[in-house]
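Dear colleague,

Please find below the structure that I am handing over to you, together with its sequence. My findings follow directly after it.

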Amino acid sequence: MEVSKSDKMGKSRLFRIFLILGSVFMILLIIIYWDDVGATHFYLHTTISGPHSSRLPPEGHTSPKEKAEEDKDGSFLSDIDAFVNQFLEGTPDPTEQVRVETPPGDSHNQSSEKPEERFVPRREWKIHLTPIAIEKKQMQDSRKQLIHDLCSSNSSLDFPGKNRTFDDIPNKELDHLIVDDRHGIIYCYVPKVACTNWKRIMIVLSESLLVDGVPYQDPLDVPADLIHNSSLHFTFNKFWKRYGKFSRHLMKIKLKKYTKFMFVRDPFVRLISAYRNKFEQENEDFYKKFAIIMLKRFGNYSDPPASVVDAFAAGIRPTFTNFIQYLLDPNTEKEMPFNEHWRQMYRLCHPCQINYDFVGKLETLDEDAEHLLRILRVDNVVEFPPSHRNRTVSSWEQDWFANIPLESRRELYKLYEADFRLFGYSKPEKLLHE
């Protein structure tokens, strides 16, 4: 009897050991599957309200059966998306809307949203029967090819970060890449290059801001004080908090599958625009963070006024020459990186690491915006707002740089040379050889 009892105890112990080992083995299999296969499958379909251009069926050739299957798949994938978000971080969906209630006399107050009242996103794309003009396609091909050639190791152009990989880019440097999962779009915004209007577009498309439970449909209706609110834009640098170790993997899949675009501008004209906007107008934040430093170092003001109101009342403000001196001072970036309004465009958007599908220019903004919205098939959902009438133009360069010493102009060009060449802007010979 003792032997039999001992055998039973031994078998029971052995069974428990096998059960534990089997459970551990199954958990390892699940982890491996998730990391290598499952994550890829799920991430390909993260809350997209419609297909990316690379996955779109030919225009006008979607059968009723295919449409029904697409709707069925979309519903299934939406359930998976909810599970993925809850599993990874236990946080709301990346594109969860912010509601803006409108009580009498106040249209900007926000309140919490009840889950049962969430707005169902639109699923609409415009189908064009006529192809996009070949000239527009050729222009885009030319712009993208230039970037590709200059980013290659064979190019003579050299600049910091050129040869690093996407994985080498610190998370904090990915904060300008806005993701719209509903339409499969990634926009890298560059300040002083129509980014306010493009952010309006992204808010409308992502339906991330609601008023009385309904998303904004006209970009110009989006409240000005909310356009640059970071909580309304889901950017790459937020992925780590939400997705943890899966964040880079997810970024790469979205970069491969989504339509990526950016807009650029003549680098020197962009600097003039930044100076006009931040230092010729009363801006308390920029005055305290930057203007006071410029006045002390280059403006011969040992004790400038503490506030921008007092400074402007006394006729004190940094000159454009002071601004350029600040940019060229080696100590500037030793203390802190360039502010986004004058940081080089390639440092904001990383064109050598990210293969953009569309590169627009402010100089051809209206034409490029129309072209891009058609590529995205959302030109029936949004229209790009009219251009700004007081826009800084390249013809002003000669006057603005008249008081800048020739050597300083040449140093400034060297500082922004990568932007000039990567994005196809001619070297300003007149400014550099007078």
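**Sheet, helices and salt bridges**

In this predicted model, strand β3 (residues 185–188) pairs with strand β6 (residues 259–264) in the parallel sense, over 4 bridges. Within that pairing, I185 has T259 in β6 as its bridge partner.

Both strands belong to an open sheet of 4 strands, ordered β2-β3-β6-β7, in which the pairing is mixed. Its edges are formed by β2 (177–180) and β7 (358–361), each of which pairs on one side only. On average, and with direction ignored, neighbouring strands of the sheet are turned by 20° against each other.

Two helices may be noted in relation to this sheet. Helix α4 (residues 195–206) packs on the sheet and touches β2, β3 and β6; the direction of α4 makes about 160° with that of β3. Helix α13 (residues 365–375) lies across β6 and β7 and runs at about 155° to β7.

I turn now to the charged side chains. The structure holds 11 salt bridges, and three of the pairs are set out here, among them two that involve helix α6.

The salt bridge between D167 and K252 has its closest N and O atoms 2.8 Å apart. This pair links distant parts of the chain, 85 residues apart: D167 is in the loop between α3 (134–151) and β2, whereas K252 is in helix α6 (residues 247–257). D167 is partly exposed, at 44% relative accessibility, and K252 is partly exposed as well, with a relative accessible area of 39%.

K254 and D181 also meet through their side chains in a salt bridge (2.6 Å, N to O). Here helix α6, which holds K254, is linked to the loop between β2 and β3, which holds D181; the two residues are 73 residues apart. Are these two residues buried or exposed? K254 has 1% relative accessibility and therefore counts as buried. D181 counts as buried too, because its relative accessibility is 0%, and the cut-off for this class is under 20%.

The side chains of E335 and R297 form a further salt bridge (2.3 Å, N to O). E335 lies in helix α11 (residues 330–335) and R297 in helix α8 (residues 284–298), so the pair ties together parts that are 38 residues apart in sequence. E335 is partly exposed, with a relative accessible area of 45%, and R297 is partly exposed at 35% relative accessibility. Together with D329, these residues are linked in a network of salt bridges: R297, D329 and E335.

With kind regards

Note on methods: Residues are numbered from 1 along each chain as its sequence is written. This is a predicted model: local features need pLDDT of at least 70, side-chain atom pairs count only at pLDDT 80 or more; totals for chains, interfaces and linings use all residues. Side-chain values use heavy atoms; hydrogens and water are left out. Two strands pair if DSSP finds at least two bridges between them. Axes are lines fitted to C-alpha atoms, for helices over the stretch in contact, and angles run from 0 to 180 degrees between N-to-C directions. Contact means heavy atoms within 4.5 Å. A salt bridge is a side-chain nitrogen of Lys or Arg within 4 Å of a carboxyl oxygen of Asp or Glu. Buried means under 20% relative accessible area, exposed over 50%, partly exposed in between (1.4 Å probe, protein chains only).
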